Amino acid sequence: MAKSPIALNCFHRLLSLYKPMLVALLLSLLATSPGRSQTIAYCRLSPEAIAEKETLRQTALSGDSNAQQQYNQILIQHAQAVYRCRQQSRPQNQAIWLRLYSCDAQPGALEKLLDDIINKGYNQVYLEVFYDAQVLLPAANNPTPWPSVMRSPGLEQVDLMAQTIQKGRQRGLQVYAWMFMLNFGYTYTLLPNRAGVLAVNGSGETTVTANLDGTASNDFGESYINQGFVDPYHPTARQDFNTLLNAVLRRRPSGVLFDYVRYPRGLGPQSVASRVKDLWIYGDASQSALLQRANNDRGRELLQRYVSQGFLTENDVNQINQKYPEQAQPQEAQPQEKLPLWHDETALPALSGIPSLGNTFNQQLWRLSVAHAQQGILDFLNMFSQPVQSRGIPAGAVFFPEANRRVGEQGFDSRLQPWDRFSSAIEWHPMAYGVCGTTSCIVEQVATVANRAQPGTKIIPAIAGDWGKSIKNRPPLEHQMRDIINAIPQIQSISHYSYDWQEPQLTRDRQSCR
């Protein structure tokens, strides 16, 4: 039976009267639903949820077992809340770079720190485990040639890396191990039996003795004082890094990221490599590997003279031709063909990434030398990415989008970072740290990488800054993320450099145990 107009009018008046009460009741029900209303914008936990958890943490720290049980339960609830929010948000994975200090070993300190990270809506942590010639391993169980971060008396047994990975998982955080690669650090260069392991340029200098400004550092903690780059071809460098990586993998991180997958960047004119003697290929191991790229004695001597002198003259070529006049020709070669003197793109894949610079001996050998330097980086990265991936966890490489650029007619950025030739099977982490007052240059850096990556490559930009405000002429993090994702829709993960930038006062307190 149809309702009368009078009855309908009364119903709508009652609905209008009680609608605010119904909405309030619905919001109240949602507030008690785990994993939904506990998060606010950017998947941050609500102030009420944060305060409740912190009260339980402090009470549990005093020895209250009931509070400890409730604290453990709320950790699970908050992990679920952030997980659900991130599944429905972009980026789905949001990571933060984290450096630990000895003071973080104090009772409750690590828990408070990781709670703050999940409170901010992060679901991944890039934990610095090898940087500035020190390792985040317990001093009493450190098989590497580097000193431990934990050098304070009484902390010899503390394993902050293992604790962070375990406590992070408890909070729903994936903890990646982030580590320097070819920059072994200054203290490594002081070891008496490691001098021959260091990278050397054509002036016989290492990155310690080269004319670099020892007081300079950039915004991201890259101090030229702490640099000690190694020859990627040297077997001892590979063995030392393998020992370190195995120690890290035993702690079962969620993934491993390799940084400093490159040579050093010089200052001023030294930031460009335009001559063979600018390249860091003069160590014994690198020189030996380079000469092995020759196909015959004639090619080997031409290559050796070129590297030694920095150029070849017509007289050099005539002398070497006279020295090896009867160099055998392959049977299948036609009389007008010349025996190849050194390997081509087939034998040295890095060559195919370097545009042709001409056909004179000097031009060919310059191109070969650059490719040899880059191939050392690629081989080192591939060698240590594989054992990470074999454990079923991701490996990734951190790089500067501009560090592989050409400069002038035949120059290259001195870092020679061949990121465009990194394997598409690993994660690519471009450091989009552009500074132009807007997001345009940052987006452009990420777009450059996306345009040159193979389809399916996982690209995870690293951006720098803070939430809600510009810092060092960079827009707020949320503005950077919004514009990156809008411009490059395939981006699903982004990392933020760094926790120390976001919490400078807290970082100073953590460094001084206040």
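## A walk from a covered strand to the aromatic pairs

Start by selecting strand β4, residues 174–180: six of its seven residues are buried, so the strand counts as mostly covered. Keep in mind as you click around that this is a predicted model.

Next, bring up the neighbours of β4. Strand β2 (residues 124–131) pairs with β4 in the parallel sense, over six bridges. To see one spot along that pairing, show L127, which stands opposite A177 of β4. Now add strand β5, residues 255–259; β4 and β5 also run parallel, joined by five bridges. Pick F180 here and look across to D259, its bridge partner in β5.

Stay on β4 and select M179. What does M179 touch, leaving aside residues up to four places away in sequence? Its contacts are V129, F130, F241, L244, L245, V248, V256, L257, F258 and D259.

M179 is also a good way into the largest nonpolar core, which has 136 residues. M179, F241, F258 and F422 are the ones with the most contacts inside that core. Colour α11 as well: this helix gives the most to the core, with 12 residues. If you'd like a side trip, there is a second, separate core of six residues, and L56, A60, Y71 and L75 are among them.

Back to F241, this time for its ring. The structure holds 29 aromatic pairs, and one of them is F241 with F384. Show both side chains: the pair is edge-to-face, with 4.9 Å centre to centre and 65° between the planes. Why does this pair tie together parts that are 143 residues apart in sequence? Because F241 lies in helix α7 (residues 235–249), while F384 lies in helix α11 (residues 361–389). Are these two rings' residues buried or exposed? F241 has 0% relative accessibility, so it counts as buried, and F384 is buried too, with a relative accessible area of 2%.

For another aromatic pair, select Y433 and Y497. This one is tilted, at 6.0 Å centre to centre and 55° between the planes. Y433 lies in the loop between β10 (427–430) and α12 (440–452), and Y497 in strand β12 (residues 493–497), so the pair ties together parts 64 residues apart in sequence. Both Y433 and Y497 are buried.

Last stop: show R44 and W467 together. R44 lies over the face of W467, 4.9 Å from the ring centre.

Technical notes. Residues are numbered from 1 along each chain as its sequence is written. This is a predicted model: local features need pLDDT of at least 70, side-chain atom pairs count only at pLDDT 80 or more; totals for chains, interfaces and linings use all residues. Side-chain values use heavy atoms; hydrogens and water are left out. Rings of Phe, Tyr and Trp (its six-membered ring) pair if their centres lie within 6.5 Å; planes under 30 degrees apart count as stacked, over 60 as edge-to-face and the rest as tilted. Helices (H or I, at least four residues) and strands (E, at least two) are DSSP runs, numbered from the N terminus. Buried means under 20% relative accessible area, exposed over 50%, partly exposed in between (1.4 Å probe, protein chains only). A charge sits over a ring if NZ of Lys or CZ of Arg is within 6 Å of the ring centre and within 35 degrees of the ring normal. Two strands pair if DSSP finds at least two bridges between them. A nonpolar core is a set of buried Ala, Val, Leu, Ile, Met, Phe, Trp, Tyr and Cys residues joined through side-chain atoms within 4.5 Å. Contact means heavy atoms within 4.5 Å.
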